[in-house]
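Colleague: Could you take me closely through a single part of this model, and say how the pieces around it fit together?

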Amino acid sequence: MAHVMDLRQRGSSPLDSPHQADRGGAAYLGRDLLSIDVEDYFQVEAFADRISRADWSNFELRVRRNTERILELLAEYRQSATFFVLGWVAEREPALIRRIAEGGHELACHSHLHRRVFTLTPQEFRSDLQRAKKAIEDAGRQAVVGFRAPTFSIRKDSFWSLEILAEEGFIYDSSIFPIRHDLYGMPEAPRFAHDYHFANGKAIIEIPPSTVRVLGTNLGVAGGGYLRHLPFAYTRWGMRRLRQEQQPANVYFHPWEIDPDQPRIQAAWKSQLRHYRGLKKTEPRLRKLLANRRFERIIDYVRRFAAL
Ligand SMILES: [Zn+2]
């Protein structure tokens, strides 16, 4: 919170700026944003209390096959996307990372070990970030300038991480979910693209996950669990609302979400429900979106936003 207050005092906080939404609208060309968080089924937060990172190497890796299927799907519909890759995956599957880049997609960073930012010290966050960025850039031979925190874990208590991202060469972040949720969220944050300026002269652009505003409350829409668990009509309605607001939808999903045959991990019922329900629905729904909407890489939207 201290950082938000500092920014507000300097008058550069998006919380003070009514023009940010207009700017986001001006950068919008009718295309939505599509991103994939490249991690495997055993690395998600839902199972983090059951599976230690030291055990990751003992699990069957399915991320390569599932990501290759996503690349085929995108090629079939001639669509481009942003891939937020876990550094751990990039170190083990460099050829896959190279193929993503060769497909004309954007490589971005999803941290190295999928630890939530608010559980780390600034030093731990920075070294995890540096290792992941290097692994992804070495494998993909493409500069990495976008970040998405594991489990959208940039909140008030980890807001300091944005300044570190800017210092480490990141141009944008897509981690601050402006909703109330049991695991993540910063409900008072702006709903659309905005930027933060720091005392050291650096800045970062925030591309929030999509929400619709209903009766004064923001509801998540068009990504991951929202896409999989709720009726597809909700996604269609939400994306239509965003289009009316002249803002792109920020659609995201994970390779394990198109893999109904993945090995089952025993966990609490809520985690099981979150992870396994609706897995068969993701691919047909994605196909509908890919057939009916035009998507672009997040960096393409960010470049236009930055130029305004
Ligand atoms: Zn993740």
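What follows is a close look at strand 2 and the elements around it.

Modeller: This is a predicted model, and I will begin with strand 2 itself, which covers residues 82-85. T82 and F84 point one way from this strand, F83 and V85 point the other way, and all of these residues are buried.

Strand 2 pairs with two other strands. With strand 1, residues 32-38, the pairing is in the parallel sense and runs over 4 bridges, and within it S35 stands opposite T82. With strand 3, residues 106-109, strand 2 also pairs in the parallel sense over 4 bridges; here F84 stands opposite A108, and V85 stands opposite C109. Strand 3 is likewise covered on both faces, as E106 and A108 on one side and L107 and C109 on the other are all buried.

The connection from strand 1 to strand 2 involves helix 3, residues 63-76, and together strand 1, helix 3 and strand 2 make a right-handed β-α-β unit. The length of this helix can be checked: at 1.5 Å a residue, its 14 residues should span 20 Å, and the C-alpha atoms at its ends are 20 Å apart, which agrees. Its buried residues are V63, N66, T67, I70 and L74. Seen down the axis of helix 3, these buried residues fall within an arc of 95°, so they line one face of the helix. They pack against strand 1, helix 4 (87-92) and helix 5 (94-102), whereas R65, E72, A75 and E76, on the other side of helix 3, are exposed. Helix 3 is followed by R78, whose phi is positive, near 50°.

Returning to strand 2, one may ask where its side chains take part in the nonpolar interior. The largest nonpolar core has 73 residues, and F83 and V85 are among those that touch the most other members, together with I136, Y172 and V302. The largest share of this core, 6 residues, comes from helix 6, residues 122-140. Apart from it lies another core, of 5 residues, among them Y41, F42, V44 and W256. For V85, leaving aside residues up to four places away in sequence, the contacts are V38, A90, I97, L107, C109, H110 and I136. Of these contacts, L107 and C109 lie on one side of strand 3 and are buried there.

Beyond strand 3, the loop that leads to helix 6 holds S111 and also H114. Most residues other than glycine have a negative phi. S111, which is not a glycine, nevertheless has a positive phi of about 75°, and H114, also a residue other than glycine, has a positive phi near 55°. Are these two loop residues buried or exposed? S111 has 27 other C-beta atoms within 10 Å and is therefore buried, and H114, with 25 C-beta neighbours inside 10 Å, counts as buried because the cut-off is 20 or more.

Taken together, strand 2 is a buried strand that pairs in the parallel sense with strand 1 and with strand 3, is joined with strand 1 and helix 3 in a right-handed β-α-β unit, and contributes F83 and V85 to the largest nonpolar core.

Technical notes. Residues are numbered from 1 along each chain as its sequence is written. This is a predicted model: local features need pLDDT of at least 70, side-chain atom pairs count only at pLDDT 80 or more; totals for chains, interfaces and linings use all residues. A residue is buried if 20 or more other C-beta atoms lie within 10 Å of its own, exposed if 12 or fewer, and partly exposed in between; C-beta atoms are placed from the backbone. Two strands pair if DSSP finds at least two bridges between them. A crossover is right-handed if, with the strands pointing away from the viewer, the path from the first strand over the helix to the second runs clockwise. A nonpolar core is a set of buried Ala, Val, Leu, Ile, Met, Phe, Trp, Tyr and Cys residues joined through C-beta atoms within 7 Å. Two residues are in contact if their C-beta atoms, placed from the backbone, lie within 7 Å. The expected span of a helix is 1.5 Å times one less than its number of residues. The arc is that of the directions from the helix axis to the C-beta atoms.
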